[in-house]
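Trainee: I would like to learn how to read the features of a structure with some care. Could you take me through them one by one, giving the general idea and then the case in front of us?

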Number of protein chains: 2
Amino acid sequence: MKLAIDAMSGDLGCAPVIEACEGFAKDHKDVELFVTGKKEELEALRVFDNITIVDARDVVKMTDSPLGVRRQKESSMVKALMMARNNEVDGVVSCGSTGAFYTGAMLFVKRIAGVEKSCLMATLPTLNKRGTCLLDVGANSENTAEQLKQFGLMGSLYSELVRGVNKPKVALLNIGAEDHKGDEMHQEAYKLLKDSSLNFVGNIEGRELLDGDVDVVVTDGFSGNIALKSMEGTALTVMKIVKNGLLSSTLSKIGALLAKGSLKSSLSEFDYKSVGGALMMGFTKAIVKAHGGSDAKAFRSAMELAYTMVENDVVEKMKEGLE
Amino acid sequence: MKLAIDAMSGDLGCAPVIEACEGFAKDHKDVELFVTGKKEELEALRVFDNITIVDARDVVKMTDSPLGVRRQKESSMVKALMMARNNEVDGVVSCGSTGAFYTGAMLFVKRIAGVEKSCLMATLPTLNKRGTCLLDVGANSENTAEQLKQFGLMGSLYSELVRGVNKPKVALLNIGAEDHKGDEMHQEAYKLLKDSSLNFVGNIEGRELLDGDVDVVVTDGFSGNIALKSMEGTALTVMKIVKNGLLSSTLSKIGALLAKGSLKSSLSEFDYKSVGGALMMGFTKAIVKAHGGSDAKAFRSAMELAYTMVENDVVEKMKEGLE
């Protein structure tokens, strides 16, 4: 197996990526890593037989316009994606800007035959800790019912092969539980999902997204993006209010001090930040986006995800499932 | 001024409505109230000169199908709405099921001439305590750009006349800040809003909905419903996690006890429950929906809202604004 690793595009520079690559290279002797970035900053990786440093002089910044990636051929991100395009690697991992990385994947990496639209998938942290895959969360601003069915197939296969869920429960994000709810497209998508081979459990409403009762939630890119961002914004706002409340009096400050440890560990299980990352679905390679602020541990787990996707032939099986 | 008050359809029965009506009738001698419900339960209101009890033997339950309201002619809710239809009152207040009340309004109360679609408006509690009006939050499953422009006009007039905001800032809920974002309908809505007389400030993303930087957010009923419910679900989930964290150890329990008062008062300012209620917009009468679990104070403030709407001629001014 061969993976391309973009070392430069994250918020924290290349240090956490280097650390993650070192650990990964030791534990996976069978995997060849191609790490793209400024070679003088990646010296530490030279000692590994299974790591090749690919010099890239440019870096895609978080603030760059996503479309600008077209012209950033010398960047670590595009160099990693080009290796996927040229069949030199089986997967790509980056913690760069979601917009640029997705745009780059669309421009440079082939879609699986039969996939009408590629999309972005987020894994929501849920109250019961199972996690729920939500797709599309914003790659498309308009989708057809057939595309939604394909999102369901891809999400279901992913849950089964990567997350190890038996017969993943697939639901459709809609404005009510009944099958006639929503606009024409969503009514049609309901029918297609119901008649498919998927374990389709019906419509789900925004209120239930974080309950974790289903494994996959299918949505069009427009509503999905609004749902995801509304959830992120609300989680942040409620946390701010709790913090303000805890710091508002001497008594509550003492209380906050005593409760801090427990509160932190409880909240870390439900990290809204994990909502920020997204997987690219529908491409012929495993394209994994780590969170922009990934530390070594977070980046390593994104690498393991790419490894699991390739190891389990997720792309091949999606090809079959979509035929 | 005359208002019809549905006394029976709330979660807590008629007691809080009676208490609210008593206070209101004393403070507003110029207003005639028509309170619909089982007359034997409303005896306490007999002593008021400006209250008329309208006997209604049936009650619309929270669990009834919204469409069932068609046949519930003898219910307190429909009797109140019929008084609006027959021009016997200027406004209606109910704390019954949102779905049934909105369906009833659509069936029995006229729309303002020129209003293509009536809609539901929620007032979001925001971090800066200004509050933001979001419409449509789910009356329609599909909208046109022209309808979104009308929602903007209605929301803006409401903010100005009822909430006292000078030149309300109006934004469009979309999947990015730039004017070309979203599907064709949202791009067209952007143009119409920009070319209108409104103080249109551009697109807003789901993440910013609770910041309170704008006064009115325009959205189609499908995305709006998903945004509102996603926010409700997330607020509830985060609160549960905070609670679990605070109760997870002896130390944190003591801390929670000390911080309880401050935390409660901080959270009460941002009551996610207030998101549950909704106003009916676009009708020729002031149609106000109080939260299902309203106590006397909450119901009273819904009555005051109806009063302000009628007193300030909101419906008349919407008619002019929409010409």
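Trainee: Which residue forms a salt bridge with K319(B), and how far apart are the closest N and O atoms?

Mentor: A salt bridge is counted when a side-chain nitrogen of Lys or Arg lies within 4 Å of a carboxyl oxygen of Asp or Glu. In this structure K319(B) is paired with E316(B), and their closest N and O atoms are 3.0 Å apart. Before we go on, note that this is a predicted model, in which local features need pLDDT of at least 70 and side-chain atom pairs count only at pLDDT 80 or more, while totals for chains, interfaces and linings use all residues. Residues are numbered from 1 along each chain as its sequence is written, chains are lettered from A and ligands numbered from 1 in the order in which they are written, and side-chain values use heavy atoms, with hydrogens and water left out.

Trainee: Where do K319(B) and E316(B) lie with respect to each other in the chain?

Mentor: Helices (H or I, at least four residues) and strands (E, at least two) are taken as DSSP runs and numbered from the N terminus. K319(B) and E316(B) are three residues apart in helix α9 (residues 314-321) of chain B, so about one helical turn separates them.

Trainee: Are these two residues buried or exposed, or something in between?

Mentor: Buried means under 20% relative accessible area, exposed means over 50%, and partly exposed is in between (1.4 Å probe, protein chains only). K319(B) is partly exposed, with a relative accessible area of 30%, and E316(B) is also partly exposed, at 34%. Turning to chain A, salt bridges that share partners join D27(A), R300(A) and E304(A) into one network.

Trainee: What other salt bridges can I look at in chain B, and how many are there in the whole structure?

Mentor: A search of the whole structure finds 20 salt bridges over all chains. One of them joins the side chains of E304(B) and R300(B), at 2.9 Å from N to O. These two residues are four residues apart in helix α8 (residues 296-311) of chain B, and therefore are separated by about one helical turn; E304(B) is partly exposed, with a relative accessible area of 23%. Another brings together the side chains of D55(B) and R57(B), at 2.8 Å from N to O, where D55(B) is partly exposed at 26% and R57(B) is partly exposed at 43%.

Trainee: How many disulfides are there over all chains, and why?

Mentor: A disulfide is a pair of cysteine sulfur atoms within 2.5 Å, and by this rule the count over all chains comes to zero. Take C119(A): the closest cysteine sulfur to its own is in C133(A), 11 Å away, which is too far for a bond. In chain B, the sulfur of C133(B) is likewise too far for a bond, because the closest cysteine sulfur, in C119(B), is 11 Å from it. As for accessibility, C119(A) counts as buried at 0%, and C133(B) counts as buried at 0% too.

Trainee: Where is the cis peptide bond in each chain?

Mentor: Here the angle to read is omega. In chain A, the peptide bond from L135(A) to D136(A) is cis, with omega near 0 degrees, and D136(A) is found in the loop between β6 (132-135) and α4 (145-161). In chain B, a cis peptide bond joins L135(B) and D136(B), with omega about 0 degrees, and D136(B) is found in the loop between β6 (132-135) and α4 (145-161) of that chain.

Trainee: Which residue other than glycine has a positive phi in chain A, and what is the case in chain B?

Mentor: In chain A, D313(A) has a phi near 55 degrees, a positive value in a residue other than glycine, and its place is in the loop between α8 and α9 (314-321). D313(A) is partly exposed, with a relative accessible area of 39%. In chain B, D313(B) has a positive phi of about 55 degrees although it is not a glycine; D313(B) is placed in the loop between α8 and α9 of chain B and counts as partly exposed at 40% relative accessibility.
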